[in-house]
Amino acid sequence: MQTYQVAFKFQFQQDFTNQQVQIQIADTNNFVMQSNERVQLQPYQDSYTPPLLNFSVSNKLMFFNIAKGSAAQGLQGLAWATFTDAGNNETLNLDLQVPGGLMNVYYAVLNTSSSGQLKPGQNTISVVQ
């Protein structure tokens with residue numbers, strides 16, 4: 001099992017208030033939260049993050065409730081996660097819960113060429129060795 005830092009980018013597509021976003025790990029992997037491997041939230045293109053009502057991270061779940069968002073705004077979350085060795089690939093299975101059409105969600109596994117878009121529901125991120 002390998003540990004990678006993953007950037008999740010949430011790009012808002014419309015104005016909204018009080019919306020919840022949840023990324024749940026749907027396999028044996030975990031979010032890792034140790035001294036040098038912390039979860040961070042950052043602005044996405046703006047100079048500030050949108051106001052949050054709640055934010056929490058556990059070993060299987062990243063959750064936040066956004067108080068207010070505007071089209072073209074967004075935020076970025078950086079997290080460390082383990083990836084299961086699946087032959088030639090290392091994988092992380094995620095369940096993304098976000099209202100459809102509200103935002104586009106992208107990921108990038110840092111220091112690799114693995115990146116793409118996440119859709120609501122089940123997703124698999126693969127890092128090719």
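## An aromatic cluster to start with

Phe-10, Phe-55 and Phe-64 come together as one aromatic cluster. Keep in mind that this is a predicted model. Across the whole structure, a search turns up four aromatic pairs.

One of these pairs is Tyr-4 with Phe-83, an edge-to-face arrangement at 5.1 Å centre to centre, with 85° between the planes. Tyr-4 sits in strand E1 and Phe-83 in strand E7, so this pair ties together parts that are 79 residues apart in sequence. Tyr-4 has a relative accessible area of 13%, and because the cut-off for buried is under 20%, Tyr-4 counts as buried. Phe-83 is buried too, at 0% relative accessibility.

Back in the cluster, Phe-10 and Phe-64 also pair edge-to-face, with 5.0 Å from centre to centre and 85° between the planes. Here Phe-10 comes from strand E1 and Phe-64 from strand E6, so the pair links parts that are 54 residues apart in sequence. Both of these Phe residues are buried.

## The nonpolar core

Now for the core itself. The largest nonpolar core holds 29 residues, and Phe-8, Phe-10, Phe-83 and Met-103 are the ones with the most contacts inside it. The elements giving two or more residues to this core are strands E1 (2-12), E2 (16-25), E6 (61-69), E7 (74-86), E8 (89-97), E9 (103-109) and E11 (121-128). E1 supplies the largest share, with five residues.

Phe-10 is worth a look on its own. Setting aside neighbours within four places in sequence, Phe-10 is in contact with Val-21, Ile-23, Tyr-44, Phe-64, Gln-73, Gly-74, Leu-75, Gly-77, Met-103, Asn-104 and Val-105. That list includes Phe-64, the pairing partner, and Met-103, another of the residues with the most contacts inside the core.

## A buried acid in E8

Then there's Asp-95, found in strand E8. Which side chain of opposite charge is nearest to this buried residue? That would be Lys-60, 12 Å away, and Asp-95 has no salt bridge. The cut-off for a salt bridge is 4 Å, so Lys-60 at 12 Å doesn't qualify.

What Asp-95 does have is a polar contact of 2.7 Å, side chain to side chain, with Gln-97. Leaving out residues up to four places away in sequence, Asp-95 touches Gln-22, Ile-23, Gln-24, Ala-26, Gly-121 and Gln-122. Ile-23 therefore turns up twice in this report, as a contact of Asp-95 and as a contact of Phe-10.

Note on methods:
Residues are numbered from 1 along each chain as its sequence is written. This is a predicted model: local features need pLDDT of at least 70, side-chain atom pairs count only at pLDDT 80 or more; totals for chains, interfaces and linings use all residues. Side-chain values use heavy atoms; hydrogens and water are left out. A nonpolar core is a set of buried Ala, Val, Leu, Ile, Met, Phe, Trp, Tyr and Cys residues joined through side-chain atoms within 4.5 Å. Buried means under 20% relative accessible area, exposed over 50%, partly exposed in between (1.4 Å probe, protein chains only). Helices (H or I, at least four residues) and strands (E, at least two) are DSSP runs, numbered from the N terminus. Contact means heavy atoms within 4.5 Å. Rings of Phe, Tyr and Trp (its six-membered ring) pair if their centres lie within 6.5 Å; planes under 30 degrees apart count as stacked, over 60 as edge-to-face and the rest as tilted. Lys and Arg count as positive and Asp and Glu as negative; His and the chain ends are not counted. A polar contact is a pair of N or O atoms within 3.5 Å; within protein, one must be able to donate a hydrogen and the other to accept it, and residues adjacent in sequence count only if both atoms are side-chain atoms.
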